[in-house]
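Q: I'd like to learn how to read the backbone oddities, cysteines and packing of a model. Could you walk me through one?

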Amino acid sequence: MKRHIFFAVSLSVAAAGFGTVYSSSADTPPGLASPIYGVALPKGYRDWKFIAPAQEAPPLDELRAVLANNVAVNAYKSGNLPFPDGSILVKLAYKRQQSAEFPPATVPGAATTVQVMVKDSKKYAGSHGWGFGRFVNGKPVDAAQHETCLSCHEGNVKDHDFVFTRYAP
């Protein structure tokens, strides 16, 4: 039984492409922070609280799960906006895949991206207090892909402090 659990955990981590992560630009090795915003993958984010699932329609055709640190969880639970400084949201994205065990079900397939939003109203004053990071296999994607983050959030969720995800009870 222990061998099966170890295999499942190892497979999940390997499939998702997650390795060592860093919490701030101060301790982030060069090349691991997002261009434009300097956001890095936060340490321990895989153990954060689940906020909500999401499903993207084709062409992305992804399953997503949003996690949050305690600061953001408390903001979600209180229902007060804007989110306070120190809030961090992480979105895990996977290709949708039909379940081998139960064909009507959809399960996570290959990991596609990990997306991060960090609230720091001073550092990110020019982007409504939010810094963005998008990562594939633990490494940030190019600047052109990061440029779309802010415009999408501005165009769709400015009345919810630029955050798409709502808390799922």
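Q: Let's start with aspartate 161: is it buried or exposed?

A: This is a predicted model, so keep that in mind throughout. Aspartate 161 is buried, with a relative accessible area of 9%. You'll find aspartate 161 in the segment after helix 3 (143-157).

Q: What about the sign of phi there: is it positive or negative for aspartate 161?

A: The general idea is that most residues other than glycine have a negative phi. Here aspartate 161 goes the other way: phi is positive, about 55°, although the residue is not a glycine. Phenylalanine 162 also has a positive phi, about 65°, and isn't a glycine either. Like aspartate 161, phenylalanine 162 sits in the segment after helix 3. Phenylalanine 162 is buried as well, at 12% relative accessible area.

Q: Which residues does histidine 153 contact, once you skip neighbours within four places in sequence?

A: A contact list is a way to see what a side of the fold is up against. For histidine 153, which lies in helix 3, the list is Met117, Phe132, Lys158, Phe162, Val163 and Phe164. So Phe162, with its positive phi, turns up among the contacts of histidine 153. Histidine 153 counts as buried because its relative accessible area is 11%, under the 20% cut-off.

Q: Which phi value does aspartate 61 take in the hairpin of strand 1 and strand 2?

A: Aspartate 61 takes a positive phi near 50°. That hairpin has five residues between its strands. Strand 1 (49-56) and strand 2 (62-68) pair in the antiparallel sense over seven bridges. For one of the bridges, look at alanine 52, whose partner in strand 2 is valine 66.

Q: Now the peptide bonds. Which kind joins proline 58 and proline 59, cis or trans?

A: As a rule, most peptide bonds are trans. The bond between proline 58 and proline 59 is cis, with omega about 15°. Proline 59 is in the loop between strand 1 and strand 2. There is also a cis bond from leucine 81 to proline 82, with omega near 5°. Proline 82 falls in the loop between helix 2 (70-78) and strand 3 (88-98).

Q: How many disulfides does a search of the whole structure find?

A: A disulfide is a covalent bond between the sulfur atoms of two cysteines. The search of the whole structure comes back with zero.

Q: Why is cysteine 149 not bonded to cysteine 152?

A: Check the sulfur-to-sulfur distance. The closest cysteine sulfur to that of cysteine 149 belongs to cysteine 152, and it is 8.4 Å away, too far for a bond. The cut-off to compare with is 2.5 Å. Cysteine 152 is in no disulfide, with cysteine 149 holding its nearest cysteine sulfur. As for accessibility, cysteine 149 is buried at 8%, whereas cysteine 152 is partly exposed at 37%.

Q: Last topic, packing. How many residues are in the largest nonpolar core?

A: The largest nonpolar core has 31 residues, and Leu89, Val116 and Trp130 have the most contacts inside it. Two or more residues each come from strand 1, strand 2, helix 2, strand 3, strand 4 (106-119), strand 5 (130-136) and helix 3. Strand 3 gives the largest share, five residues.

Q: And which residues is valine 116 in contact with, beyond its neighbours within four places in sequence?

A: Valine 116 touches Val39, Ala40, Leu41, Pro42, Ile88, Leu89, Val90, Gly131, Phe132, Gly133 and Phe135. Phe132 is also on the contact list of histidine 153.

Methods
Residues numbered from 1 in each chain as written. Predicted model: local features only at pLDDT ≥ 70, side-chain atom pairs only at ≥ 80, totals over all residues. Heavy atoms only, no water. Helix = DSSP H or I, 4+ residues; strand = E, 2+ residues; numbered from the N terminus. Buried < 20%, exposed > 50% of the residue type's maximum accessible area, 1.4 Å probe, protein only. Contact = heavy atoms within 4.5 Å. Core = buried A, V, L, I, M, F, W, Y, C linked by side-chain atoms within 4.5 Å. Pairing = 2+ DSSP bridges.
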